[in-house]
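Welcome! Take a moment to look over the sequence and turn the structure around before reading on.

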Amino acid sequence: MRVVIVEDSRLARLELKELLRAHPALTLVGEAANVPDAKVLIEQQQPDLVLLDIDLAGDSAFDLLAQLVFIPRIIFTTAFAEHALAAFDYPTVDYLLKPVSSARLAQAIAKLPTLNTADDHPPEPASDTTASGPLLDLDATFFVKDGERCFLLRLGDVQLFEAIGNYSKVWAGTQAPMVYRSLGNIEQRLQPGLFFRANRHQLVNLKAINAIEPWLNGGLLLKLHSGQSIEVSRRQSALLRQQLSL
């Protein structure tokens with residue numbers, strides 16, 4: 001199991017590295033002390049697990065998670081007990097108070113699923129640097145920071161991504177948070193055949209389509225289960241008809 005340490009204290013990183021030596025099934029593949037370096041490291045290495053400090057040199061773990069597409073398993077670490085409740089709002093493996101003891105780390109690691117097969121391990125990073133990392137399926141989750149709220153969304157629960165400048169609005173049920181990624185970047189990270197680029201500004205989950213109707217100038221109109229209507233450009237309509245054998 002590949003592990004990354006994200007911790008702004010050099011001493012704390014050294015202590016965690018020493019504790020990890022007692023767990024030969026875990027391989028440390030990198031460490032970072034701040035959010036920008038951690039983002040690059042995690043996107044490059046695609047680790048199975050991150051030991052993640054909550055306070056990171058003026059930023060927070062949640063600032064980091066909001067910038068990631070690939071979300072590994074997380075064991076939060078912090079010196080402040082009051083963070084515990086907030087940390088457990090997320091599907092974390094565990095939450096550890098500093099200084100972390102060997103027994104407490106072992107207890108957290110015991111909660112991890114065993115990675116026995118190649119299918120359980122993330123693929124090697126892609127060579128395309130604009131969309132590095134494994135392509136995401138409908139069961140993949142991504143982190144969203146919406147004002148003071150932070151949560152994980154399942155990709156399959158998203159009906160629509162909509163471009164808003166260099167950001168994207170995520171339509172999922174009654175929620176419509178923004179993510180710090182362009183529509184093009186999101187599209188490159190998705191497995192083929194799951195979402196369809198209806199037009200320049202909208203990317204639709206094919207499973208969210210309730211009906212398809214003829215529209216103006218040879219285009220199509222998509223009616224989503226959510227009640228939204230999406231106009232498909234003439235050019236994209238031809239591609240959709242071909243893809244769906246309409």
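This short report visits the nonpolar cores, two individual residues and the cavities.

## Two nonpolar cores

Keep in mind from the start that this is a predicted model. A good place to begin is the largest nonpolar core, which has 23 residues. Within this core, the residues with the most contacts are V6, I42, L52, L64, L65 and F76. Several elements build it together: the strands β1 (2-6), β3 (49-53) and β6 (73-78), along with the helices α2 (35-45) and α3 (61-65), each supply at least two of its residues.

Apart from this core lies another one, made of 21 residues. Among its members are L138, A140, F161 and F195.

To see one core residue in its surroundings, try L65. Leaving out residues up to four places away in sequence, L65 touches L52, I71, I74, F76 and F143. Two of these names, L52 and F76, also appear in the list of residues with the most contacts inside the largest core.

## T77, a residue in strand β6

Next, find T77 in strand β6. Is T77 buried or exposed? T77 has a relative accessible area of 2%, and because buried means under 20%, T77 counts as buried.

The side chain of T77 reaches the backbone nitrogen of D53 at 3.5 Å. D53 is also among the residues that T77 touches, and the others are E7, L52, I54, L96 and K98, again not counting residues up to four places away in sequence.

## Q159, a residue in a loop

Now move along to Q159, found in the loop between β9 (149-154) and β10 (160-164). Although it sits in a loop, Q159 is buried, with a relative accessible area of 14%.

Which backbone oxygen does the side chain of Q159 reach? It is that of D157, at 3.2 Å. Setting aside neighbours within four places in sequence, Q159 is in contact with W171, A172, G173, L203, V204, N205, A208, L224 and S226.

## Cavities

Finally, look for empty space inside the model. The structure holds 2 cavities of 30 Å³ or more, and about 90 Å³ of space lies in the largest cavity.

What lines the largest cavity? Its lining residues are V69, L136, F142, L155, F161, V179, R181, I186, R189 and L190. By class, this lining has 8 nonpolar and 2 charged residues, with no polar ones. You have met F161 already: it lines the largest cavity and belongs to the core of 21 residues.

Notes:
Residues are numbered from 1 along each chain as its sequence is written. This is a predicted model: local features need pLDDT of at least 70, side-chain atom pairs count only at pLDDT 80 or more; totals for chains, interfaces and linings use all residues. Side-chain values use heavy atoms; hydrogens and water are left out. On a 1 Å grid over the protein atoms alone, a cavity is a set of points where a 1.4 Å probe fits but cannot get out, and a pocket is an open set with protein on both sides within 12 Å along at least five of seven lines; lining residues have an atom within 4 Å of a point. Grid points are joined across faces, edges and corners, and a volume is the space filled by probe spheres set on the points. Ala, Val, Leu, Ile, Met, Phe, Trp, Tyr, Cys and Pro count as nonpolar, Asp, Glu, Lys and Arg as charged, and the others, Gly among them, as polar. Helices (H or I, at least four residues) and strands (E, at least two) are DSSP runs, numbered from the N terminus. Buried means under 20% relative accessible area, exposed over 50%, partly exposed in between (1.4 Å probe, protein chains only). A polar contact is a pair of N or O atoms within 3.5 Å; within protein, one must be able to donate a hydrogen and the other to accept it, and residues adjacent in sequence count only if both atoms are side-chain atoms. Contact means heavy atoms within 4.5 Å. A nonpolar core is a set of buried Ala, Val, Leu, Ile, Met, Phe, Trp, Tyr and Cys residues joined through side-chain atoms within 4.5 Å.
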